[in-house]
Amino acid sequence: MPRANFKRVDLDRVYLPFVAVALEVVARCEARGVRYVATYGFRTLDEQAELRRLYLAGKGGKASAAGLSAHNYGLAFDFVCDGDARPGVQPDWRLPAYRVLGEETAKAGLVWGGRFGDAPHAQWPGYVSALQLTPLRTLAEKSSVGAVWAHLESERGSPTWRAANPRLAAELARLGF
């Protein structure tokens with residue numbers, strides 16, 4: 001059932017190990033009685049710039065500048081809490097509705113956006129700040145998002161990464177990555 005919660009996003013444009021863990025997180029949330037539906041995954045730089053423009057104009061939710069969002073590299077999802085059993089998604093935007101998402105995201109070793117004021121957001125660790133994201137932006141500009149993912153694959157194989165991310169490393173090993 002969790003895969004249906006991601007039908008609004010193109011999973012082929014999101015880093016596969018992240019997709020696998022996010023599917024598990026959403027399944028665990030559902031087992032706890034809370035349904036989350038992914039509304040965003042990968043975003044182009046132009047899409048990100050437009051969201052940032054709307055945010056700065058007071059017409060949209062929190063959004064980073066283009067190139068400084070994990071979404072731009074297929075490393076983040078935004079969710080909406082489905083607050084009602086009626087057909088279709090009945091959004092619940094209240095902060096407490098995202099508590100379970102935060103707990104399960106942290107248990108899996110991912111980063112919950114509630115840590116920085118964006119409760120519907122979950123992302124890959126190590127690339128939260130502008131300073132951390134800048135090398136990915138440079139790599140994507142010189143090559144592609146695929147090159148970013150190749151870099152992440154190499155990084156994931158290092159003992160240093162596994163030591164810094166023990167929960168995520170264990171989750172990925174359990175999932176066959």
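Two strands are taken to pair if DSSP finds at least two bridges between them. In this predicted model, strand β2, which spans residues 76-82, enters into several such pairings. With strand β1 (residues 35-40), β2 pairs in the antiparallel sense over five bridges, and R35 has D82 of β2 as its bridge partner. An antiparallel pairing over three bridges joins β2 to strand β5 (residues 121-123), where A76 stands opposite Q123 of β5. Strand β3 (residues 91-92) likewise pairs with β2 in the antiparallel sense, over two bridges, and the bridge partner of C81 in β3 is D92.

The surroundings of β2 are consistent along the strand: seven of its seven residues are buried, so β2 is largely enclosed by the rest of the structure. Both faces of β2 are covered, with A76, D78, V80 and D82 buried on one side and F77, F79 and C81 buried on the other. The residues A76 and D82, both on one side of β2, thus recur in the pairings described above, A76 opposite Q123 in β5 and D82 as the partner of R35.

A helix contact was also examined. The axes of helix α4 (residues 130-142) and helix α5 (residues 145-156) come within 7 Å and cross at roughly 130°, which makes α4 oblique to α5. The crossing in which α4 passes α5 is right-handed, and the contact is made by L136, L139 and A140 on the α4 side and by A147, V148 and H151 on the α5 side. By class, the residues of this contact divide into five nonpolar and one polar, with no charged residue.

Definitions and conventions
Residues numbered from 1 in each chain as written. Predicted model: local features only at pLDDT ≥ 70, side-chain atom pairs only at ≥ 80, totals over all residues. Heavy atoms only, no water. Axes fitted to C-alpha atoms, helices over the stretch in contact; angles between N-to-C directions. Helix = DSSP H or I, 4+ residues; strand = E, 2+ residues; numbered from the N terminus. Parallel < 35°, antiparallel > 145°, perpendicular 65-115°, else oblique. Left-handed = near helix turned anticlockwise from the far one by under 90°. Contact = heavy atoms within 4.5 Å. Nonpolar A, V, L, I, M, F, W, Y, C, P; charged D, E, K, R; others polar. Buried < 20%, exposed > 50% of the residue type's maximum accessible area, 1.4 Å probe, protein only.
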